[in-house]
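Thank you all for coming; I would like to take a few minutes to walk through how some helices are arranged here. Please have the sequence and the structure open while I talk.

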Amino acid sequence: MMAALDEEALREALASILLNDTRGDGIVDGIDGDIVTYLAGMLHEGGLDDVEGSIVPFLEGYGCSDELIQQACTAVLSCGKDSNQSTNIATITKNGIIESNPGAIRLNKIVSMSSTLSEQTSAELDQNRFLWGQDNKISAMTNAQRDAHGSTVSAKDKRRARKELESARKEYEAKMAMLAKEEEGEAGKASVSHMVLPDYRSGRNEKDIHVRNVSISLDNGTPLLDDGELKFAHRRRYGLVGKNGVGKTTLLKAIAAFEVEGMPRHHRILHVRQEIRAAGGDISVLKAVMDADVERNTLLEEEKTLITRLEGEGGTQIGDVSGASVKAKLEKLKSRSKEVNGNEGDTLFNADLKRLDEIYERLQILGSDSAESRASTILSGLQFTLAMQNGPTSALSGGWRMRVALAAALFIEPDLLMLDEPTNHLDLEAVLWLESYLQSYRHTLIVVSHDRSFLNEVCTDTVCHCISSGYNYTGDSYSSQTHPEYCMFYCQIEFRSRKLTYYKGDYDTYVKTSDEMVKNSMRVYQAYQDKRAHMMEFIDKFRASANRAKLVQSRIKTVEKMDLEAPEPVTIEPLWRFSIPNPEPLGRPIISIDDVWFDYTPVDVTTCIKKPKEDWILQKVNFGVDLDSRIGILGPNGAGKSTLLNLIMDRLTPIKGSISRNGNLRIGHFTQHSADKFDLQLSAVENMLNLFADAEDQAMRSFLGRFQIQGTDALKPMLMLSGGQKSRVAFASLAYQKPHVIVMDEPTNHLDMESIDALVEAVKDFKGGLIVVSHDQFFITNTCSELWVVGGGIVSRFRGDFNEYKKETLERTAKRVADSVKSLSQINS
C-alpha cells in the first residue's frame, strides 16, 4: 500500500500536464484549475492503487487524447514514488547501525509497548497513582465504566425533556381540574349536562338546523372545522364515530353551548356527556328525572304565579282547580274575564290570561300531563326497579347515576339530543331497550358510539369529518369492511379539508359507500399515474431528437397541466394488530365449578337470620371452562355476572360447592378499567416492570415495541400518552402474562374502533379459553361461540344464537316496563 500523498504535489503534477502554463486555463475544453484541484483531492483520498481506473474514465469524459491521459498518469505515479522515498523510516539494529527501511515492515514477534513503562522507580509509580486518582484503591476502569453506563443524553436534551414533562403534567392537571369543575352539580338534582334555555322569539321556528361557515378548534388550538357546514334535518338520527381524542366531544360541547356562530337559538339542545361524577342528593330518582326539564319547571312555576294573580282579581276565588284539566282551568278564567270587564285591571288580566294560554300550549307540547308516566317508562327501560325509582339518587353508584342522566335527557326530549357514548354504563338489556326507544325518537339525534351494532340499529345518517382530503395507504390491500376507521368520520391523517361530509344510511351502508369511494379514487389516481408515466416515457425517449422537439414540448406542457389538476394521492395506513401468545397445553379440568352457592350476606348481620337460599345471588352453579371455550356471559346488571367471574379467578370463595382449577393455570384479566391501574407518573416500561418483577428492562422495551409503544413513548410518563396508547399498554400487560384463559369484563368501554378491531382479531387468533361479559353486540358475536345467561340466581346456557336472545330480551323488557308503569299509576291513584 502506498504512503499518503501530498495533495498539493498531486495538483502541481496534474496542472503541469493539463493546464496551459501561460494563461492557466485548460488545454482541453472544460478542464480548468477547479477540475484539476478536484481530481487531485480524489487521488489524495483514494490512493494510487488504481491510478488508471481513477484518471482514465474521468479525462476521457472531457475528450482528452490517449497521449495526454498517459502523460497525466505518468506524472501522478512519479509523484507517488517521490512521496514513498520521503517517508522511509529509520530503524536501529542490534549493532547500533541505522538502516533505512522503505515503508512499513512486518514484525516477527509481539512487541510489548508497556515494557518501558514497567521499568519505573517506586517513587514514579506512587506519583502516577496519585495523579490518576488510584492512591485510594480506585480501579483504573472506574471512569471508563461510569462513562459507558452513564446517560448519553446531553444536558440540553435533559432540560427539554423536563420542560415537556412539566408542561404535560400541568396540562393534565388543568384538564382534570376543568373536568371536576364542569361535573360539580347541586346536591339533589339530576346529574345531567346544563341545557341553555331556547329563545323562541328568534328564528322562523324552522325545525332543520343549517349553519354555514363554521370554524371550531380543539382545546390545543388545532382546527377541527374550518369554514365547515352543519346540516341536521328534523327527525334524522346521525352517527358520529372516530378515534379517541380527535375532537368529537369538543364539537358536541360547542353546539350545546351555542358557541357556534349562527346556531339557531330557538332549538332545545342537550349534550349528555360520557362521564358524570357529581354526587346524588336525597330526592328520589323519579323526581330527579322530572326536575331535569328546566323549561317545564319554569313554565309550571309561572303557571302558579299567573293562576294566583288571576284568581285574586275581581273578587270571588275560582277555587281549587289543581286536579282540573287545562281546558276547565281556561274556561273558568275566561268566564272571570267577562266579570272584570270595565275594571282598570282588565288589560292586565287579559294579558295574563293570554300568557297562561301560551304556557298551557307549550306544556302540552312538552307532554307535561304524562310527565310522571313517561319518566317511569324510561327508567324502567333502563333497568330501574320501582324501588330504585322511589329511592334517593345518593344511594346509586356512578354507573347508575349515568343512567339517571341518560333518562333525564330522554325525558326532556330536546330538539337536538346529542349522546356521547351512551352505552358505556349500560348492560346489554338496557342497550337493546335504548336502541328500540331511539328508533322512534321524534326529534333530531346525534350519537357518538364505538358500538357498530348500536349505530346500525339507531342511525339513519352518517356524518364524516375528513380532516384529510385523501386516504392514507401504505399496504398492499384495503378493505373498509374489515377496518373502516382509516376512511371514516374523523380521519386524523393530515390537516387539509376540515369539512363535514354527510352520508345517507346506517353505519354498514356508510362503510360500503366509503369503500367504493376509496376504490374509485384509487382507480382515478392510478389512471393519472399511468397516463403520466406513458407521456414521460415518450419525453425521455425523444428529448434530444430535433425532429420531434415540438411534439416533446407539447407533451411537457400537457404533463405540467396534468400535475396542476392531479387527483390527491390515495394512501391508507396499515392496520395495527397485536397477538396474545398461545399457552402450552394443560390437562383437564382447566376450570370446573360444581354445585356452587354464593351470596355476600347469607346471614343478616343485625337480625342474625339466614337469608333464604332462593334469594342468594348464585344458586347451584355448574360451569366448566376448557382451552377451546368461547363463552359470553349475559344478564342484567346486578344479576351476578361479575361475582361469577370473581369466583372463577379465585377472588371469592364459594359458601357451598367446589371450584377446581389446574395447578399450572394462568388467568388473564382485562376490564374497562385496565388502563387505570397504571401509575401515570411512571413510564410504560416502569409500569410493566412493576407488574412483572422478573422481566428485564431491554426485553420489556422490545415487547412494548410490538404494541407501537417505542422510543420516547416507552420512556416518558404515561400521563403524556394518548388514550389509545394507554389502551395498548394495557393490551401489552395482558399479552405478557401468557394466559391460558382470558376473563374480560366490559373490555370495549373507552376503546375506539381501531383498538376494538385489534382486540377482536387478537382474541380470535388466541388458542386459549375466553370468558366475556360485554354489552357490545359486535364483540360478543365475533368472539363467542356459546352464551350463558345469569339471572335469578341461576346460570344456564342459552340454547340459541344472539339474535334469538335479543328478541327474547326485548319482549321481557317491554313486559317489565308495562308492569312498572301500571304499578306506579296504582300507587298514585
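At what angle do helix α14 and helix α16 pack, and how far apart are their axes? Before I answer, please keep in mind that this is a predicted model. Helix α14, which covers residues 371-381, packs against helix α16, residues 398-412, at an angle of about 140°, and their axes are 9 Å apart. That angle makes α14 oblique to α16, and the crossing of these two helices is right-handed. On the α14 side the contact is made by A371, R374, A375, I378 and L379, while α16 contributes A407, L410 and F411. Sorted by class, this contact has seven nonpolar residues, one charged residue and no polar ones.

Let me turn to a second pair. Helix α22, residues 684-691, and helix α25, residues 723-736, pack at an angle of about 30°, with 11 Å between their axes, and they are therefore roughly parallel to each other. The crossing of α22 and α25 is right-handed. Here A684, M688 and L691 of α22 meet V729, A732, S733 and Y736 of α25, and the residues of this contact divide into six nonpolar, one polar and no charged.

Finally, a single helix: which residues of helix α3 are buried? In α3, which spans residues 51-60, they are V51, I55, F58 and L59. Looking down the axis of α3, these buried residues fall within an arc of 90°, so they line one face of the helix. As general background, an α-helix has 3.6 residues a turn, so residues three or four places apart point the same way.

Key
Residues numbered from 1 in each chain as written. Predicted model: local features only at pLDDT ≥ 70, side-chain atom pairs only at ≥ 80, totals over all residues. Heavy atoms only, no water. Axes fitted to C-alpha atoms, helices over the stretch in contact; angles between N-to-C directions. Helix = DSSP H or I, 4+ residues; strand = E, 2+ residues; numbered from the N terminus. Parallel < 35°, antiparallel > 145°, perpendicular 65-115°, else oblique. Left-handed = near helix turned anticlockwise from the far one by under 90°. Contact = heavy atoms within 4.5 Å. Nonpolar A, V, L, I, M, F, W, Y, C, P; charged D, E, K, R; others polar. Buried < 20%, exposed > 50% of the residue type's maximum accessible area, 1.4 Å probe, protein only. Arc of directions from axis to C-beta.
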